[in-house]
Amino acid sequence: HLPDDLALMLDQLTHTIVTTLGFEVAMINLVRPDGLVEVASVAGHESVRAALLGTVASQESWEEFLSATEPPARLRFLARVRHGSTTTAWSPQDAVFVPLLAADGSTLGLVGVVVGSDQAMPDAKTRSALEALAASAALAIEHASLRFRAEASEQTLLHQAMSDPLTGVGTRTLLLERLRHASTARPESSAAMALVFIDLDGFKA
């Protein structure tokens, strides 16, 4: 599940691609931790959005799909493309794809746009703007991923500090934290506080 702030930013980016650059459809695909690629945001025709949003494919299938495109610079062009077997809105239009790359060169996802049937292929200015928006998406995705990993590491370290690794029982640090919290409870609270001490011989044996 995407963080709300990241989902909102990706939706804003796809909406900007459609409304500002004039593409009929824009979508952002993300590589999930399990290696699958999920359509995380779609802007444009509502029928296409309903058909594509949340769909999942293997990363290998996307790599095979992109191998059929023409790669001028970072943009990949594919003429008369159909994405999937049930969506006809993509054909006979042309599509443009921009891989989203992390700072270390790994693939974060893919931006895909559809050029209307009555439109020419995007000019240099439009291609440059599309690449810039794709770069913004890549930065947002990478930042969210780093933040998620940092928060997960923090939670792991906190759990290790608060519980015994062998028994899972709370440590003295957790006890003191709970006592501190209880002692600073709101004055209007009438709940009584008690501390029970139990000495178990051979508990870890």
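Colleague: Is Arg180 buried, exposed or partly exposed?
Modeller: Arg180 is partly exposed in this predicted model, with a relative accessible area of 44%.

Colleague: Which residue does Arg180 form a salt bridge with?
Modeller: With Glu177, and the closest N and O atoms are 2.9 Å apart. Glu177 counts as partly exposed too, at 32% relative accessibility.

Colleague: Where do Glu177 and Arg180 lie?
Modeller: Both are in helix H5, which covers residues 172-183. They sit 3 residues apart, about one turn of the helix.

Colleague: OK, and which residues are joined into one network by salt bridges?
Modeller: Arg32, Asp34 and Glu38, through salt bridges that share partners. Arg32 meets Asp34 at 2.7 Å, N to O. Arg32 also pairs with Glu38, where the closest N and O atoms are 3.2 Å apart.

Colleague: Is Arg32 buried or exposed?
Modeller: In between: Arg32 is partly exposed, at 27% relative accessibility. Glu38 is partly exposed as well, with a relative accessible area of 26%.

Colleague: How many salt bridges does a search of the whole structure find?
Modeller: It finds 3.

Colleague: Switching topic, how many helices and strands are in the protein chain?
Modeller: There are 5 helices and 6 strands. From the N terminus on, the order is α-β-β-α-β-α-β-β-β-α-α.

Colleague: How much of the chain is buried?
Modeller: Of the 205 residues, 31% are buried. The accessible surface comes to about 13000 Å², and 57% of that belongs to carbon and sulfur atoms.

Methods: Residues numbered from 1 in each chain as written. Predicted model: local features only at pLDDT ≥ 70, side-chain atom pairs only at ≥ 80, totals over all residues. Heavy atoms only, no water. Helix = DSSP H or I, 4+ residues; strand = E, 2+ residues; numbered from the N terminus. Buried < 20%, exposed > 50% of the residue type's maximum accessible area, 1.4 Å probe, protein only. Areas by Shrake-Rupley, 256 points an atom, 1.4 Å probe, with all protein chains shown as cover. Salt bridge = Lys/Arg side-chain N within 4 Å of Asp/Glu carboxyl O.
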